[in-house]
Amino acid sequence: MTPRMTTLRKNIAAATAGMVLAAPLAVTAFTTPAVAAETNVDNPFVGADWYVNPYWSDNVNEEADSVQSSDPTLAAKMRAIADEPTAVWMDRTSAIEGNVDGPGLRFHLDEALEQKQGNDPIVLQLVIYNLPGRDCYALASNGELPATAEGLRKYKEEYIDAITEILAEPKYRDLRIVTTIEPDSLPNLTTNMHDPKCVEAEPYYKEGVAYALSELSDIQGVYNYVDAAHSGWLGWEDNATGSVQTFTEVAQMTNKGFDSIHGFVTNTANTTPLNEPFLPDPSKQVGGQPIRSSDYYEWNTAFDEADWTADLYRRLVAAGFPSDIGMLVDTSRNGWGGPDRPTAASTSSDLNTYVDQSRVDQRTHRGAWCNAAGAGIGERPQAAPTDFPNSHLDAYVWVKPPGESDGSSSEIPNDEGKGFDRMCDPTFNSPKLNGLLTGALPNAPVSGKWFSEQFQELVANAYPVIDPDGVDPDPEPTDPDPEPTDPTDPDPDPTDPDPEPTDPTDPDPEPTDPTDPGEGGTCDVTYTTNDWNSGFTATVKITNTSTQPINGWSLAFTFPAGQQITNLWSATNTSTGSTATITNAAWNPTINAGQTVEFGFNGTHNGNNPAPTSFTLNGATCS
Ligand code: BGC
């Protein structure tokens, strides 16, 4: 980053210099003139140098040394990014003073002062990540504090207060501190309240986040950015609405309301692309259906972080947040370059083939969050990128330091409270991914620890490609995103509200009239499953083989071996015991003559998973 001086800083420096010259006081206690702390600016990244964590740089340079003889080009690419700024994670109370994983907060602040050039501002990124009951919907980043009143007390007094006391020390007043506030916490409260651990954590998350925001925003020079998950999590209409309600509620619990929040950060530690260049329009029809209805996008219209940040910004401002809030996107690992990156849109006329061949995101499922195989480093950190104006981006940032693991691929005992989440196990077909494999890299260490193989792949698959000479070419700078989620543009298909198929807490509304047998009634059902240990995913397709449309449908069948449905999408589950009764979702009641509807579910079995032998649709037996 080229050091630059903001006008504001120049003015402060000039004013102070003038004051000292004009009024030389007979005070000898100060060896330096008193300089007022900078007033917070609109975008803290603009005109500033960014703090480089020397510990991360050392890891990168060591990694470069280790591949130097086998792959000098890869080593050169690593060295070219070794001085990129990455965030410092306060991932447990001991991180404040320093622990086995690195030095404490004061070290980084002092080092930032060392890196500061004269009066040029410098920005240091800090992640606040230690809530009671942390990571309530997963295991890999469970933390040290329990979801109890005592856990919350410790969070406030031993963690947040300890951090703010240090940040408020006068010697650090000239640093700009950008915080990422509690990744995943408020998003979990929006979508994962079917998990008792999230229910238990809810009051502590809300009060903890509100406390952190209040205390941190009291310090001049601190800029709070609240974590807002990513497009593949909150992009559906209901989730987007719910998350903004939660953000608003928590903002109102703070002492400064909206002013305690400077902006939001998306994609923290995730690999969701900034842009899907070959899928610009979610409503594009392929095979007679909109591409957002594909298996991969599950009716979500937000295909990438450009979409989600634009949509989020608009929703937040509509909810009362000031229009000068800014967005950050963690681009540390969402590059998706390498040999498998498509170079053009598919020409297939099959919906799912078209989407799968066109998308740059190579994951099995957008919910796969752990050590994604095939991912690459994304955009280099950059202030005020102009690529997506509707997104109001303050910066591309590297919150997750590339090379640090998301979780271990098998159980590894540790004293940090971290569990083993099978989302990090490459052999696991996860029910949370509709039974698909996780796509995680093997041999991963516990979350936060250095993971050489992953770092090597991230550098090799970087997009934009890393120039070993240190220049950052952007091969796709003029790839505008049409931001199709623009809310002023009403849903092009109003009969298709988002079904949010992966959110079992969000049941579809009752069908219009499920008892109406419709005309015709002849049907064909295909039932296929993908089985593992004691679980399975089923895909059920109902074809209307009559000559009349079916308006409102209800499919009944019996499980032959005691199987049970655990969660279901694209339909409504009204089953009891071994008799399954599935009715249409609000958005798919009609099956025109010759047409097919499809729904799916995850279930459990007892080691044997025979298919049902007979299906009835609206009372009539299907073939
Ligand atoms: C881990 C933290 C770590 C952070 C950055 C998180 O997933 O839980 O311990 O500091 O990643 O690597």
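**Exercise 1. Find the loop that holds P464, then describe the bond before this residue.**

Step 1. P464 sits in the loop between α13 and β16 (523-532). The model is predicted.
Step 2. Look at the peptide bond that joins Y463 and P464. Its omega is about 0°.
Step 3. The bond is therefore named cis, as a peptide bond with omega of about 0° between Y463 and P464.Put plainly, without the "therefore" of Step 3: the bond joining Y463 and P464 is cis.

**Exercise 2. Locate D184 and state the sign of its phi.**

Step 1. Go to the loop between β6 (175-181) and α7 (185-191); D184 is there.
Step 2. Read the backbone angle. Phi of D184 is about 75°, a positive value.
Step 3. Check the residue type. D184 is not a glycine, yet its phi is positive.

**Exercise 3. How do the axes of α3 and α13 cross, and which residues meet?**

Step 1. Find the two helices. Helix α3 covers residues 72-81, and helix α13 covers residues 452-460.
Step 2. Compare the axes. They come within 10 Å and cross at roughly 90°.
Step 3. Classify the angle. Angles of 65 to 115 degrees count as roughly perpendicular. So α3 is roughly perpendicular to α13.
Step 4. List the partners. From α3 come L74, K77, M78 and I81. They meet F455, Q456, V459 and A460 of α13.
Step 5. Sort the residues of this contact by class. Six are nonpolar, one is polar and one is charged.

**Exercise 4. Which residues surround the ligand, and what classes do they belong to?**

Step 1. Name the shell. W89, D91, Y129, S141, K400, E404, K418, S447 and G448 lie around the ligand.
Step 2. Sort the shell. Two residues are nonpolar, three are polar and four are charged.

**Exercise 5. Trace side-chain contacts to oxygen atoms of the ligand, then give the covered area.**

Step 1. Start at D91. A polar atom in its side chain lies 2.5 Å from a ligand oxygen.
Step 2. Move to K400. An N or O atom of its side chain is 2.8 Å from an oxygen atom of the ligand.
Step 3. Turn to E404. Here a side-chain N or O atom is 2.5 Å from a ligand oxygen.
Step 4. Give the cover. On its own, the ligand has 310 Å² of accessible area, and the protein covers 94% of it.

Technical notes: Residues are numbered from 1 along each chain as its sequence is written. This is a predicted model: local features need pLDDT of at least 70, side-chain atom pairs count only at pLDDT 80 or more; totals for chains, interfaces and linings use all residues. Side-chain values use heavy atoms; hydrogens and water are left out. A residue is near a molecule or strand if one of its heavy atoms lies within 4 Å of it. A polar contact is a pair of N or O atoms within 3.5 Å; within protein, one must be able to donate a hydrogen and the other to accept it, and residues adjacent in sequence count only if both atoms are side-chain atoms. Accessible areas come from the Shrake-Rupley method with a 1.4 Å probe; for residues, only the protein chains shown count as cover. Ala, Val, Leu, Ile, Met, Phe, Trp, Tyr, Cys and Pro count as nonpolar, Asp, Glu, Lys and Arg as charged, and the others, Gly among them, as polar. Axes are lines fitted to C-alpha atoms, for helices over the stretch in contact, and angles run from 0 to 180 degrees between N-to-C directions. Helices (H or I, at least four residues) and strands (E, at least two) are DSSP runs, numbered from the N terminus. Angles under 35 degrees count as roughly parallel, over 145 as roughly antiparallel, 65 to 115 as roughly perpendicular and the rest as oblique. Contact means heavy atoms within 4.5 Å.
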